[in-house]
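Morning, everyone. I have one structure to show today, and I'll keep it brief.

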Amino acid sequence: MTALAEPLTSDEQLVRDRVDDLFRDNDPKTTEARTFLGAQFDLGLAWVHFPAGYGGLGVSPKLQRLVNERVQAAGGPTSYYRNPIGHGMGAPTVVTHGTEAQKQRYLRPLFTGEEVWCQLFSEPGAGSDVASLSSRAVRDGDEWVVNGQKVWTTLAHLSRWGMLVARTDAEQPKHKGLTYFVVDMHAPGVEVKPLRQITGEAEFNEVFFSDVRIPDSERLGDVGDGWRVSLTTLMNERVSIGGAVAPRNSGAIGAALDLWARRADKDPVLRDRLARLWIEAEVNRLTNIRASQNRQKGTPGPEGSTSKLAYAELNKRIYELCIALMGAQGMLYESYEMVRPEVAMGAGSVQKAFLRSRANSIEGGTSEIMKNILGERVLGLPGDIRTDKNPPWSQVPRS
């Protein structure tokens with residue numbers, strides 16, 4: 001006896017109807033990508049949990065999966081891969097903390113990929129401890145003058161806008177003297193230099209600010225409230241990196257399964273490694289589904305950090321197995337030519353994916369920091385002793 005399907009909720013029906021409208025007027029396979037994505041935004045299907053008028057419908061975030069799966073199955077374009085930093089981190093920060101003018105100005109071209117975004121947090125002396133950053137922003141009338149350096153900035157060479165956190169009050173404790181800005185990456189005084197990676201590419205960059213002027217209207221949140229605003233970005237970053245729900249047997253574990261299927265020598269030790277990693281990948285995938293369904297509107301919690309930790313370490317081990325399955329071929333690499341890619345975290349080959357995976361446990365917060373967050377915020381363990389948390393930033397010794 002066939003079980004009856006549960007009736008659709010009004011929100012589910014709304015989303016399905018909007019996708020039908022999108023496909024009726026815009027063929028996913030033939031419509032130019034920016035035109036298709038613009039129509040998707042206008043119908044509230046960019047981030048369905050965002051308010052109406054800002055690319056959303058004000059419904060549960062879990063309904064975004066209905067949109068993504070249908071667009072992908074129909075061969076339509078994906079906003080995330082065109083602008084991963086903007087899509088996964090910039091948009092949630094703007095919609096949460098931005099003014100009406102900022103939301104109207106930034107969200108649509110961000111989603112269509114017309115304007116790429118980058119994240120300007122880490123510095124040579126402030127990586128995992130972002131709050132210790134030293135880039136300064138000094139008020140000058142209706143503008144702020146910024147000087148400093150940022151590092152490991154993904155796709156800065158393609159970006160129009162950057163999410164910048166700078167110190168605006170050195171006499172406050174390090175977390176309280178920060179302010180968050182949107183900076184024009186084409187403004188005078190902004191210099192972007194490539195950082196070459198183990199893959200040969202320069203996906204990351206150094207960014208230097210020399211007397212860069214930012215209008216106060218481009219500030220996100222209140223003066224001195226930059227740390228709270230940046231937490232929105234950071235929590236969404238970790239969900240974006242580690243919390244995606246991929247189809248079963250796809251991604252890294254899919255590559256490993258494919259290599260195993262084509263391998264003549266069915267070594268039992270390698271088979272055991274593959275089986276163990278498949279189980280871990282599936283557990284991680286199911287955990288991400290549960291976390292995604294439990295996540296409500298607003299800033300994600302520590303589950304994003306735990307997912308990111310699991311993803312980073314598992315991804316590295318799976319690609320290590322892939323290289324082992326390839327045998328001597330795994331030592332070959334197509335080219336170490338210096339290029340500045342147009343996509344983040346691109347693979348292209350198993351060997352390149354193996355090299356690129358080494359960054360997974362560093363970018364978006366190191367695995368060590370993720371373990372601290374898991375221990376303190378999830379398990380309730382006592383935190384490390386921090387002697388630099390309460391004194392004014394100007395009085396904290398630095399090397």
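I'll go through overall dimensions, then fold content and surface, then cysteines.

First, a caution: this is a predicted model.

Let's start with dimensions. The protein has 399 residues. For that length, a compact globule would have a radius of gyration near 21 Å. Here the value is 22 Å, so the protein agrees with the globule rule. Along the principal axes, the C-alpha atoms fill a box of roughly 70 × 50 × 45 Å.

Next, the fold. What is the secondary structure content? Twelve helices and eight strands. Now look at the contacts between residues at least 6 apart in sequence. Of these, 71% join residues at least 24 apart.

On to burial and surface. Half the chain is inside: 50% of the 399 residues count as buried. The accessible surface comes to about 19,500 Å². Carbon and sulfur atoms account for 52% of that surface.

Charges next. There are 48 positive and 49 negative charges in the protein. How far apart are their mean positions? The two means lie 4 Å apart.

Last, the cysteines. How many disulfides does a search of the whole structure find? Zero. Two cysteines are worth pointing at on the screen. Cys118 has a relative accessible area of 0%. Cys322 also comes out at 0%. The cut-off for buried is under 20%, so Cys118 counts as buried, and so does Cys322.

That's my tour; over to you for discussion.

Definitions and conventions:
Residues are numbered from 1 along each chain as its sequence is written. This is a predicted model: local features need pLDDT of at least 70, side-chain atom pairs count only at pLDDT 80 or more; totals for chains, interfaces and linings use all residues. Side-chain values use heavy atoms; hydrogens and water are left out. A disulfide is a pair of cysteine sulfur atoms within 2.5 Å. Buried means under 20% relative accessible area, exposed over 50%, partly exposed in between (1.4 Å probe, protein chains only). Helices (H or I, at least four residues) and strands (E, at least two) are DSSP runs, numbered from the N terminus. The radius of gyration is taken over C-alpha atoms; the globule rule is 2.2 Å times the number of residues to the power 0.38. Contact means heavy atoms within 4.5 Å. Accessible areas come from the Shrake-Rupley method with a 1.4 Å probe; for residues, only the protein chains shown count as cover. Lys and Arg count as positive and Asp and Glu as negative; His and the chain ends are not counted. The place of a charge is taken as NZ of Lys, CZ of Arg, CG of Asp or CD of Glu.
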